[in-house]
Amino acid sequence: MFDSSMTNRKTPAPSTSPVEFIETDPQDLDLSEGIALCLSGGGYRAMLFHAGSLWRLNELGYLGRIDRFSSVSGGSITSGVLASNWSKLDFDGQGVGRNFIPAVIEPLRRLADKTLDIKSILSGVLGPGSVGERLADHYDENLYGKKSLQDLPNEPRFVFNATNVQSGALWRFMKPYMRDYRVGEVRRPDVRLAIAVAASSAFPPVLSPVELRISEAAYTPNSGLDLQRSPYTTNVVLTDGGVYDNLGLETAWKKYTTILVSDAGGKLSPQEEPDEDWVRHARRIVDLVDNQVRSLRKRQVIDSFRLGNRQGTYWGIRSNIANYHLADALDCPYDKTLALADTPTRLKRLGKTLQERLINWGYAVCDAAIRKHHNQSLPAPSGWPYPNVKV
């Protein structure tokens, strides 16, 4: 339920917060009443799982009420499609986007029919430009049509998060500005949406980095804490947003009272004989770090809901729907949903049945989480998005 008493609530930053509080943050956060949705990374697996979650949120009338979408990595692909097609959704009086499927689901499924990571790597290595630039070109060709951040809606706010390799801080892209609190802020950035999504989804080591060339004159004077100087300002080196914030929490948690978290992150599997070549070994190390940080943040998010620090709910691709104890939840056997969670973190073509099962699973678990922990008066779903495959 929404609690109007939380409007502009000042709350201290607890030591158990799932986000890092930096020295430029106020000691007491001035939270605004509203809803933010956080979309994690996870390649095409995340892209489709989140698409299913958005599908259910749209049916429930939530999608048009969300004030901020904060995304990283694979979640940014989905959020980018939603942002670029927002004006096409045609919301009805109940806040349901009538054109949601053609505007959001169909473009994402067309992309999932294609392998982008290997193509981007080969064209970046063998041709002109970097791997990150080629990835952005593929996003434009298949999804965004060279739209820029300035083509996005003013409301809701879409935030695409990347990690600044130089400063070690979060670099956020949005329509009003892009910024790193240490390097500074560029107002109304004329940056292609595809570049923002490519930077957010530049999985290390193979799709990273994405580099931005920026004029020092573009920065707001004195907007950076300690690194507002060349080359930090003029040659910005970015990698996957999940390296810094693998749930996309920071730009939402510090702003809104109600936080919804859709987590499509996988779980690290044991390896008897880890790969020793530098590419796969480096990927394994990155996955180890991500696994530990993700597990910690998940616990802190859930504890914050239990303690009343925020309203909202969390659902994950590795959740067991039986734990929600809803008699009318969609039937999702845990062994089958765990198999979906083990879909590799790639931008590699997925078969149509797997696409539909991932969308169905995101739809079902989002529904269970929202109806159990956020608004118990909401109706149960009438069926599956793709009834012939279920999960």
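## Two arginines, a pocket and some backbone turns

The backbone oxygen of Thr-343 sits 2.5 Å from a polar atom of the Arg-45 side chain. This is a pair in a predicted model. Arg-45 belongs to helix α1. Its relative accessible area is 3%, so Arg-45 is buried.

Helix α1 spans residues 43–59, and Arg-56 lies in it too. Is Arg-56 buried or exposed? Arg-56 is buried, because its relative accessible area is 3% and the cut-off for buried is under 20%. What does the side chain of Arg-56 meet there? One of its polar atoms lies 2.8 Å from the backbone oxygen of Pro-379. Pro-379 also appears in the contact list of Arg-56. That list, which leaves out residues up to four places away in sequence, also holds Tyr-363, Cys-366, Asp-367, Ala-380 and Pro-381. Helix α10 covers residues 352–373.

Now step back to the whole chain. The protein chain has 10 helices and 12 strands. It has 391 residues, and 56% of them are buried. Take the contacts with a separation of 6 or more: residues 24 or more positions apart account for 74% of them.

Ala-369 gives a local view of such pairing. Ala-369 lies in helix α10. Its relative accessibility is 0%, so Ala-369 counts as buried. How far apart are Ala-369 and Leu-326 in space? The C-alpha to C-alpha distance is 9.6 Å, with their positions 43 residues apart in sequence. Which residues does Ala-369 contact, leaving aside neighbours within four places in sequence? They are Thr-313, Tyr-314, Trp-315, Tyr-324 and His-374. Thr-313, Tyr-314 and Trp-315 fall within the range of strand β12, residues 311–316.

Tyr-314 and Tyr-324 lead on to the second largest pocket. Both are among the residues nearest the pocket's centre. Ile-302, Arg-306 and His-373 complete that group. In total, 21 residues line the second largest pocket. Two elements give two or more residues each to this lining: α8 (278–307) and β12 (311–316). Which of the elements gives the most to the lining? Helix α8 does, with 6 residues. By class, the lining of the second largest pocket holds 6 nonpolar, 9 polar and 6 charged residues. The space in this pocket comes to about 520 Å³.

Next, the cysteines. A disulfide is a covalent bond between the sulfur atoms of two cysteines. How many disulfides does the model contain? The count comes to 0. The rule asks for a pair of cysteine sulfur atoms within 2.5 Å. Two of the cysteines can be placed by their accessibility. Cys-38 is buried, because its relative accessible area is 0%. Cys-332 has a relative accessibility of 5%, so Cys-332 counts as buried.

The backbone has a few points to check by eye. Start with the cis peptide bonds. The bond from Ser-208 to Pro-209 is cis, with omega near 0 degrees. Where does Pro-209 sit? Pro-209 is in the loop between α6 (193–200) and β9 (210–213). The bond from Ser-230 to Pro-231 is cis as well, with omega near 5 degrees. Pro-231 is in the loop between β9 and β10, and β10 runs over residues 235–240. Strand β9 thus borders the loop of Pro-209 and the loop of Pro-231.

Then come positive phi angles outside glycine. Lys-146 has a phi of about 65 degrees, a positive value, although Lys-146 is not a glycine. Lys-146 lies in the loop between α5 (131–144) and β5 (157–164). Is Lys-146 buried or exposed? Lys-146 counts as exposed, because its relative accessibility is 59% and exposed means over 50%.

Lys-390 is another residue other than glycine with a positive phi, near 50 degrees. Lys-390 lies in the segment after α10. Its relative accessibility is 45%, so Lys-390 counts as partly exposed.

Technical notes
Residues numbered from 1 in each chain as written. Predicted model: local features only at pLDDT ≥ 70, side-chain atom pairs only at ≥ 80, totals over all residues. Heavy atoms only, no water. Helix = DSSP H or I, 4+ residues; strand = E, 2+ residues; numbered from the N terminus. Buried < 20%, exposed > 50% of the residue type's maximum accessible area, 1.4 Å probe, protein only. Polar contact = N/O pair within 3.5 Å; in protein donor to acceptor, adjacent residues only side chain to side chain. Contact = heavy atoms within 4.5 Å. 1 Å grid on protein atoms, 1.4 Å probe; cavity = no way out; pocket = protein on both sides within 12 Å on 5 of 7 lines; lining within 4 Å. Points joined across faces, edges and corners; volume = space filled by probe spheres on them. Nonpolar A, V, L, I, M, F, W, Y, C, P; charged D, E, K, R; others polar.
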